[in-house]
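Here is a short note to read with the model open. Please check each point by eye as you go.

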Amino acid sequence: SSREFALLATLAQSAGYPLSRAQLIDRAFGRSAEVTDRAIDVQITRLRRAIGDRGDDPRFIKTVRGVGYMFAGSHD
(Lines give C-alpha, C1' and ligand atoms only; values in the text may rest on other atoms or scores of the structure.)
Protein backbone atom coordinates (compact mmCIF):
# COMPACT_ATOMS: atom_id res chain seq x y z
CA SER A 1 0.00 0.00 0.00
CA SER A 2 1.04 3.62 -0.28
CA ARG A 3 1.34 3.90 3.51
CA GLU A 4 3.62 0.88 3.68
CA PHE A 5 5.78 2.32 0.90
CA ALA A 6 5.95 5.68 2.71
CA LEU A 7 7.08 3.91 5.90
CA LEU A 8 9.68 1.85 4.03
CA ALA A 9 11.06 4.95 2.30
CA THR A 10 11.21 6.83 5.60
CA LEU A 11 12.98 3.96 7.36
CA ALA A 12 15.42 3.48 4.45
CA GLN A 13 16.34 7.17 4.42
CA SER A 14 17.42 6.82 8.05
CA ALA A 15 18.97 3.35 7.74
CA GLY A 16 20.91 2.41 10.84
CA TYR A 17 19.18 4.97 13.03
CA PRO A 18 16.08 4.16 15.08
CA LEU A 19 12.98 6.30 14.59
CA SER A 20 10.20 6.67 17.11
CA ARG A 21 6.62 6.08 16.09
CA ALA A 22 6.01 9.83 16.29
CA GLN A 23 8.96 10.49 13.97
CA LEU A 24 7.68 7.88 11.52
CA ILE A 25 4.22 9.45 11.50
CA ASP A 26 5.65 12.93 11.00
CA ARG A 27 8.13 12.01 8.28
CA ALA A 28 6.05 9.45 6.38
CA PHE A 29 2.59 11.00 6.59
CA GLY A 30 3.02 14.59 7.75
CA ARG A 31 2.24 16.30 11.00
CA SER A 32 -1.43 16.68 10.26
CA ALA A 33 -1.92 12.94 9.70
CA GLU A 34 -4.29 11.29 12.11
CA VAL A 35 -2.32 8.09 12.62
CA THR A 36 -1.95 6.34 15.97
CA ASP A 37 1.09 4.56 17.35
CA ARG A 38 -0.81 1.28 17.12
CA ALA A 39 -1.53 1.91 13.44
CA ILE A 40 2.23 2.25 12.86
CA ASP A 41 2.77 -1.13 14.54
CA VAL A 42 0.15 -2.74 12.28
CA GLN A 43 1.65 -1.13 9.15
CA ILE A 44 5.15 -2.31 10.15
CA THR A 45 3.80 -5.86 10.54
CA ARG A 46 2.24 -5.70 7.08
CA LEU A 47 5.39 -4.18 5.61
CA ARG A 48 7.55 -6.92 7.11
CA ARG A 49 5.26 -9.52 5.59
CA ALA A 50 5.37 -7.79 2.19
CA ILE A 51 9.19 -7.72 2.06
CA GLY A 52 9.59 -11.23 3.45
CA ASP A 53 10.97 -10.17 6.81
CA ARG A 54 10.42 -12.86 9.43
CA GLY A 55 8.41 -11.65 12.40
CA ASP A 56 10.35 -13.72 14.95
CA ASP A 57 13.77 -12.71 13.59
CA PRO A 58 13.47 -9.71 11.27
CA ARG A 59 16.45 -8.98 9.06
CA PHE A 60 15.45 -5.64 7.56
CA ILE A 61 13.17 -3.78 9.97
CA LYS A 62 14.29 -4.08 13.57
CA THR A 63 12.26 -3.18 16.63
CA VAL A 64 14.27 -1.00 18.98
CA ARG A 65 12.67 -1.43 22.39
CA GLY A 66 11.67 1.82 24.04
CA VAL A 67 12.37 3.76 20.83
CA GLY A 68 10.60 2.50 17.73
CA TYR A 69 11.86 0.93 14.51
CA MET A 70 15.05 0.93 12.45
CA PHE A 71 15.87 -0.21 8.92
CA ALA A 72 18.93 -2.41 9.20
CA GLY A 73 19.19 -3.67 5.62
CA SER A 74 20.58 -7.05 4.70
CA HIS A 75 24.03 -6.44 6.22
CA ASP A 76 22.81 -6.96 9.78
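The points below walk through this predicted model, from its core to some single residues.

1. **The core.** Begin with the largest nonpolar core. It has 15 residues. Leu7, Leu11, Leu24, Ile40, Ile44, Ile61 and Tyr69 touch the most other members. Four elements each give two or more residues to this core: α1 (2-13), α2 (21-29), α3 (37-50) and β3 (68-71). As background, nonpolar side chains in soluble globular proteins tend to be buried together.

2. **Leu11 in the core.** Which residues does Leu11 touch, leaving aside those up to four places away in sequence? They are Leu19, Leu24, Ile44, Ile61, Tyr69, Met70 and Phe71. Leu11 is also one of the buried residues of α1.

3. **The length of α1.** Helix α1 has twelve residues. At 1.5 Å a residue, they should span 16 Å. The end C-alpha atoms of α1 are 16 Å apart, so the expected span and the model agree.

4. **The two sides of α1.** The buried residues of α1 are Glu4, Ala6, Leu7, Thr10 and Leu11. They cover an arc of only 160° around the axis, so they sit on the same side of α1. In general, an α-helix has 3.6 residues a turn, so residues three or four places apart point the same way. The face turned away from the buried side of α1 carries the exposed residues Ser2, Phe5 and Gln13. Note Phe5 in that list of exposed residues.

5. **What covers α1.** The cover over the buried residues of α1 includes two helices, α2 and α3. It also includes the strands β1 (19-20), β2 (61-64) and β3.

6. **Helix α2.** What are the buried residues of α2? They are Leu24, Ile25 and Ala28. Seen down the axis of α2, they fall within an arc of 100°, so they line one face of the helix. These buried residues pack against α1, β1, α3 and β3. Just after α2, Gly30 takes a positive phi of about 95°.

7. **Rings.** The structure holds zero aromatic pairs. There is a charge over a ring, however: Arg3 lies over the face of Phe29, at 4.9 Å from the ring centre.

8. **Ser14.** Ser14 is in the loop between α1 and β1. Is Ser14 buried or exposed? Its relative accessibility is 13%, so Ser14 counts as buried, the cut-off being under 20%. Ser14 touches Leu19 and Arg27, leaving aside residues up to four places away in sequence.

9. **Gln43.** Gln43 is found in helix α3. At 12% relative accessibility, Gln43 counts as buried. Beyond four places in sequence, Gln43 touches Ser1, Arg3, Glu4 and Leu7. Of these, Glu4 and Leu7 are among the buried residues of α1.

10. **Ser1.** Ser1 lies in the segment before α1. With a relative accessible area of 59%, Ser1 is exposed; the cut-off for that word is over 50%. Ser1 and Arg46 are 45 residues apart in sequence. In space, their C-alpha atoms are 9.4 Å apart.

11. **Ser32.** Ser32 lies in the loop between α2 and α3. Its relative accessibility is 68%, so Ser32 counts as exposed. Ser32 and Leu7 are 25 residues apart in sequence and 16 Å apart in space, C-alpha to C-alpha.

Terms used: Residues are numbered from 1 along each chain as its sequence is written. This is a predicted model: local features need pLDDT of at least 70, side-chain atom pairs count only at pLDDT 80 or more; totals for chains, interfaces and linings use all residues. Side-chain values use heavy atoms; hydrogens and water are left out. A nonpolar core is a set of buried Ala, Val, Leu, Ile, Met, Phe, Trp, Tyr and Cys residues joined through side-chain atoms within 4.5 Å. Buried means under 20% relative accessible area, exposed over 50%, partly exposed in between (1.4 Å probe, protein chains only). Contact means heavy atoms within 4.5 Å. The expected span of a helix is 1.5 Å times one less than its number of residues. The arc is that of the directions from the helix axis to the C-beta atoms. Rings of Phe, Tyr and Trp (its six-membered ring) pair if their centres lie within 6.5 Å; planes under 30 degrees apart count as stacked, over 60 as edge-to-face and the rest as tilted. A charge sits over a ring if NZ of Lys or CZ of Arg is within 6 Å of the ring centre and within 35 degrees of the ring normal.
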